[in-house]
Amino acid sequence: MTGKNAQNCNENYLKYVKQLDPPTKHFKNCLSAFGVGGLICTIGQFFRFMLEYAGLSGDELAGAVSVILIFLGCLLTGLGVYDRIGRHAGAGSIVPITGFANSVTSPALEFKTEGYIYGTAAKMFTIAGAIIVYGVFSGVLVGIIYYFL
Amino acid sequence: MKKGNTLFFETQPKIRSYAAICGSKEKEGVIGSYADITLSDDMYGESTYEKAECKMLSNAVRLAVEKAALTDADIDVLLSGDLLNQIISASFAARDFQFPFLGLYSACSTMSEGMLLAAALIDGGFAENCVAATGSHFASAERQYRYPLELGCTRPPQSQWTVTGAGGCVISADKGDIRIVNATLGRVRDWGVTDVNNMGAAMAPAAADTLMRHFKDTDTLPEDYDMIITGDLGALGSRILKDLMWEKGYSISENHVDCGEIIYKVIEDEFQGGSGAGCSAVVMNSYVFTKMSAGLYKRVLFAATGALLSTVSSGQGESIPCISHAVQLEADL
């Protein structure tokens with residue numbers, strides 16, 4: 001079964017372990033991600049309508065909506081609610097801008113014990129750093145392609 | 001006396017007293033009513049989780065020494081370790097005491113390694129009373145090995161939950177109900193598992209290796225034990241261990257218990273159960289020793305398992321080497 005005696009014992013063992021892995025509930029995860037992600041976007045859209053009604057437009061409007069959502073993401077992270085949402089929603093709460101806010105705020109909070117400079121400030125981008133680097137990088141790449149087209 | 005990798009203790013050092021402290025989540029489980037102190041606040045009144053872990057460990061040692069009716073001067077050495085880098089909890093906790101300290105690192109198998117070394121020191125006549133203790137904290141382990149606490153990510157179904165708790169026991173040459181009869185030294189086993197979320201699968205081969213060598217060296221069979229306890233394999237790892245043992249002709253499904261599998265009552269985000277150095281330390285030093293003293297279990301084999309990885313090694317794609325030390329305990333009646 002696990003084939004300890006066989007020559008390829010590690011391979012057999014890994015195959016056996018893989019077969020025992022509890023299955024990930026893809027359908028349920030997709031459903032809750034869709035629900036929660038959609039809800040976050042709907043809330044964003046609600047703020048957009050409200051601000052539009054208040055007289056904002058164009059870039060100002062888009063910026064203001066983002067700022068509100070980032071603020072809410074940070075607030076919920078600080079209150080210890082966002083990780084609970086994320087545990088069930090998965091990609092639904094990671095992909096929107098609130099997820100990005102969460103990935104910056106959570107290490108900032110966590111490493112506060114190591115001081116404001118070497119803790120909070122330096123460790124703030126341990127997770128978000130990767131998103132920023134590759135976000136900017138792919139932006140540049142797409143920009144170059146666009147330039148030549 | 002030594003046979004294979006098993007040490008037989010002539011004087012059979014005894015467990016004189018034991019103490020355990022556990023967190024709020026652990027309190028809900030089976031060990032809640034057996035632990036000496038249960039925390040309602042996981043910070044334990046400290047400003048950081050690391051300090052809380054250190055305080056738990058220190059208090060567990062203090063309590064065990066007090067329960068043994070001994071003073072600092074009677075203790076020859078403290079054998080302790082934990083999961084944090086440079087074993088800070090153990091060495092910082094040792095500041096509070098007047099006796100010498102030997103730092104250990106054996107990940108989650110620190111409890112059995114500590115007991116084994118303490119018994120060897122006493123049996124060799126180099127010590128009268130030793131303390132073996134270890135602990136872990138969910139929040140500090142999470143921060144070191146995984147992600148910040150508040151990060152909203154999902155936990156994979158193979159994962160385990162690091163136990164918040166600390167346990168320690170005083171091992172002594174003369175007094176005590178529970179005797180340490182022999183101990184099998186572990187070998188580092190690595191069967192190529194690289195998934196850091198699947199510690200059970202990584203550690204099961206090490207546990208199987210140690211248990212089988214123990215049975216061979218002591219001429220015993222799994223049926224000879226009232227209970228075979230592993231540290232923190234979790235539900236999945238326990239199943240793999242049973243399969244591995246069964247393949248070699250040992251059936252342990254009757255009397256095998258895994259500390260990680262039994263420690264939590266509510267399966268919410270813990271998935272496969274508890275893990276961490278504190279897992280076996282808390283369960284052994286509360287539930288198991290209490291029941292052994294009461295005469296419910298007479299012969300127990302305790303094999304804690306440890307995954308010897310670091311964030312650097314797993315980041316570089318290395319597989320997970322694991323170890324397991326076994327200690328055989330018998331209760332006098």
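Domain bounds here come from an automatic or database domain assignment. The model is predicted.

**Exercise 1. The two domains of chain B**

Describe how chain B is divided, and find which element gives the most to the side of domain 1 that touches domain 2.

Step 1. Chain B splits into domain 1, residues 2-172, and domain 2, residues 178-331. Taken over C-alpha atoms, the centres of domain 1 and domain 2 of chain B are 17 Å apart.

Step 2. At the boundary, 57 residues of domain 1 of chain B are in contact with 61 residues of domain 2 of chain B.

Step 3. The elements of chain B that each supply at least two residues to the domain 1 side include strand 3 (14-22), helix 4 (110-123), strand 7 (129-136) and helix 5 (138-145). Helix 4 of chain B gives the most, with seven residues.

Step 4. Sorted by class, this side of domain 1 of chain B holds 29 nonpolar, 20 polar and eight charged residues.

**Exercise 2. The contact between the chains**

State how many residues of chain A and chain B are in contact, and which helices of chain A supply the chain A side.

Step 1. The contact joins 30 residues of chain A to 24 residues of chain B.

Step 2. On the chain A side, at least two residues each come from helix 1 (9-20), helix 4 (82-89), helix 5 (91-94) and helix 6 (97-110). Helix 6 of chain A gives the most, with seven residues.

Step 3. The class count for the chain A side is twelve nonpolar, 13 polar and five charged residues.

Step 4. As for confidence, chain A averages a pLDDT of 89, and 94% of its residues score at least 70. Within chain A, helix 1 has the lowest confidence, at a mean of 86, while helix 8 (residues 128-148) has the highest, at 95.

**Exercise 3. Strand order around strand 14 of chain B**

Trace the pairing from strand 12 to strand 15 of chain B by way of strands 11 and 14.

Step 1. Strand 12 (residues 256-258) of chain B pairs with strand 11 of chain B in the parallel sense, over three bridges. In this pair, Ile229(B) stands opposite Val257(B) of strand 12.

Step 2. Strand 11 (residues 227-230) of chain B also runs parallel to strand 14 of chain B, joined by four bridges. Here Ile229(B) stands opposite Phe302(B) of strand 14.

Step 3. Strand 14 of chain B pairs with strand 15 (residues 322-331) of chain B in the antiparallel sense, over nine bridges. Arg299(B) stands opposite Glu330(B) of strand 15.

Step 4. Strand 14 (residues 299-307) of chain B is mostly covered, with eight of its nine residues buried.

**Exercise 4. Two residues with positive phi**

Place Tyr44(B) and Asp219(B) in chain B and decide whether each is buried or exposed.

Step 1. Tyr44(B) is not a glycine, yet its phi is positive, near 55°. Tyr44(B) sits in the loop between strand 4 (37-38) and helix 2 (49-67) of chain B.

Step 2. Tyr44(B) counts as buried because it has 20 C-beta neighbours inside 10 Å, and the cut-off for buried is 20 or more.

Step 3. Asp219(B), also not a glycine, has a positive phi of about 55°. Asp219(B) lies in the loop between helix 6 (199-218) and strand 11 of chain B.

Step 4. Asp219(B) has 8 C-beta neighbours inside 10 Å and therefore counts as exposed, the cut-off for exposed being 12 or fewer.

Key
Residues numbered from 1 in each chain as written. Chains lettered and ligands numbered in written order. Predicted model: local features only at pLDDT ≥ 70, side-chain atom pairs only at ≥ 80, totals over all residues. Contact = placed C-beta atoms within 7 Å. Nonpolar A, V, L, I, M, F, W, Y, C, P; charged D, E, K, R; others polar. Pairing = 2+ DSSP bridges. pLDDT = per-residue confidence, 0-100.
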